[in-house]
Amino acid sequence: MDNNKCCVIIGGSHGGVNVAFSLRKEGWEGKIVIVDKDPNLPYQRPPLSKTYLTVKDESGYIPLKGEQAYTNEGIELLLGQEVTKVDKKTQSVELNDGTVISYDFLVLATGASPIIPPIKGIDKARNLFVMRNIQDVKGIQAALEGGVQKVAIVGGGYIGLETAASLRKLGLEVIVFEREQQLLPKVNANTLSEFLLELHQNNGVQIELQSSVSEIKNEGQTQTIITAEGKAFECDMIIMGVGVFVNQTISNQLGLEYNNGISVDKFCKTSEDTIYAVGDCNTHYSAIYDQSIRLESVQNAVDQAKIVAKSITGTSEEYNSLPWFWSDQYDVKLQIAGLTIDADNHIIRKEDEKKWSIWFFKGDQIRSVYAINNAKAYVVGMKLIQQNAKLDKEKLVDLNEKLSPKTLLIQNEINV
Amino acid sequence: MAKITFITKDQESIVVEGTAGSVMELAVQNNVKGIDGDCGGVCSCATCHVQVDPASADKLGEASEIEQDMLELDDDANEYSRLCCQLQVTEALDGVVLNVVK
C-alpha cells in the first residue's frame, strides 16, 4: 500500500478513533490524522452522565486508547483544533491555525450536538448545561461546588434520566420535565415508562409529565421555570436533555447528500467517492429493518468505523450490525437489542419485579428486546433477532420454560 | 501492584503492571489487541472477553450472574471465560495469565 497517502478524520470520539485504529489493523500504511476541538485525549462518552458525574476524582474518565497507543500506531492527534475549511476539489482541510492538510480519504466523524431550544429567557438562564462532553460535566460539577441545590432537567429521555439518577446520588433535589405523557417517549412500551417513572419517584426525583417548558425567569436570586401548562418551579441549575442535531457545517461545505443525517451507502461512503461518514452523523440503510435510519450510539459508531477502514483499504464489507444500547440508572441495568421501529406487538416476561424483559415483534418475528436487569434476555434476544427468528410467545411468557434460543424458536428463517 | 500477562490471538505476549481500575482499562491503556471495552466497562458489550489460563484460574473469584449471562451464548466461551472489565486489578491478580479471545 502507498504510504504517501493520508487519511484525515474529523472528530475524535468513538467513531473517529476506531476508524484510525481499524485502518492500521487493515494494513493502511499511510498517514492518519485525527482532528478534534475537544482538547482531552479521546474518551468514553457513556460514563459522563453516569459514573463521571458522580465521582470527584478522574476515575470516571476512561480514555478510548492510551496516549502511547496513538504513537505506537502512528496516529497523529490534533486536539483542541478545529477544521475551518474543507475543499473537495483540492482534497484538503484547513485548520483554525491556518495549517492545510491534503487528504486522499476524508472521514467525517463529526457527531451531533445537544439542542438548546429557543425558550423565552433562556439567554439569561443561570447554570444552564447540556451533557455531551467533559467540559459540560466539569461545568456542572463546578456549579454544584458553588452551592447549587435544585436542578431542573428538561427532557425525560436516556440522558435526562441518567443525569437525574446521578444527581440524586449526589444528594441534589431533582425535577424532570417531559413534554410527552410518558418518560422515554420514543420507546413504544408504557410498561417501561411506568417502571422508570416509579423508579425515579422512589429515588426522590420529581417528575412532571406533559410539561413543556415555556419560559425561564430570572429575578434577583431566583430562577423559575414556567411551563406552558401554567406551573412554576424554582431551580438553581438547568440541564437540557431534549435531543441532538447533526453537526452539518462540514458536510454542508462539501455539498454532501443529506437526509436527516449525512447520506451514506452500505460502506458508509458519502455521495463523494473519497469521503466517508461514521456514527451519529450519518443516515444509512438498515437491511435488518429495511429502512434508512440514523442512530446515536457507541455500537453504531464503532462498528461503522470498522466498515470504513475496510472500504478504504479495499476489502469492502457491508454494514449490517444489529443495533444495541444500554442505560444504567440507580441499580437498574437496561440493555436493548435491536430497534422497535417496525414492531407491531410486544409481550412481557417477568422473572420478578426487578428482573424482566419486553419482547417486541412484527407478527411472530422478534425485532427488539428491552432487558431490565436481565442480561440473559438481552443475549438471547440479540441471537434470535440476528436469526430473524419467529418465537413461541406462549413459551416466552412461561417462566417454567428456560430462556434460550432453542426453547423459544418456532421457526428459523434466515433472510439474506 | 499486579503483573498481568495478556496473550493475544496472534500469540503476542504483553506483560503489564497495574495498581487500580479494571483489567479491561489496563488492557486498553496498553493497547492489547482484541480488548475493545466498547461499553466503557459496565458489562454491557462483551468486547473484553478473555480466557484465564487454567494454571492461574484460582487467582480469580466467581463471575457474577450478569457476567455469566453475557458470555453464555458466545460461541468462543468456555469455563475459563471472563469479561475483564469485571476484574479489578488487585495484588491477588499478580501473575495471572489471560488469553484474549478475539
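This report describes the domains, one helix and two loop residues of a predicted model.

Local features are reported at pLDDT of at least 70 and side-chain atom pairs at pLDDT 80 or more, whereas totals for chains, interfaces and linings use all residues. Residues are numbered from 1 along each chain as its sequence is written, and chains are lettered from A in the order in which they are written.

Chain A is divided into domain 1 (6-113 + 245-312), domain 2 (122-242) and domain 3 (331-411), with bounds taken from an automatic or database domain assignment. Between domain 2 and domain 3 of chain A, the C-alpha centres are 31 Å apart. Seven residues from domain 2 of chain A and seven residues from domain 3 of chain A form the contact (C-beta atoms, placed from the backbone, within 7 Å).

Helix α8 of chain A (residues 298-312; helices are DSSP runs of H or I with at least four residues, strands runs of E with at least two, numbered from the N terminus) has 15 residues. Its end C-alpha atoms are 21 Å apart, in agreement with the expected 21 Å (1.5 Å times one less than the number of residues). In α8(A), 15 of the 15 residues are buried, so the helix is largely enclosed by the rest of the structure. A residue is buried with 20 or more other C-beta atoms within 10 Å of its own, exposed with 12 or fewer, and partly exposed in between, the C-beta atoms being placed from the backbone. After α8(A) comes A:G314, with a positive phi near 90°.

Two non-glycine residues with positive phi are tabulated below.

| Residue | Phi | Loop in chain A | Other C-beta atoms within 10 Å |
|---|---|---|---|
| A:Q210 | about 45° | between β12 (206-208) and β13 (213-219) | 13, partly exposed |
| A:N373 | near 50° | between β26 (365-372) and α9 (375-386) | 19, partly exposed |

Definitions and conventions
Two residues are in contact if their C-beta atoms, placed from the backbone, lie within 7 Å.
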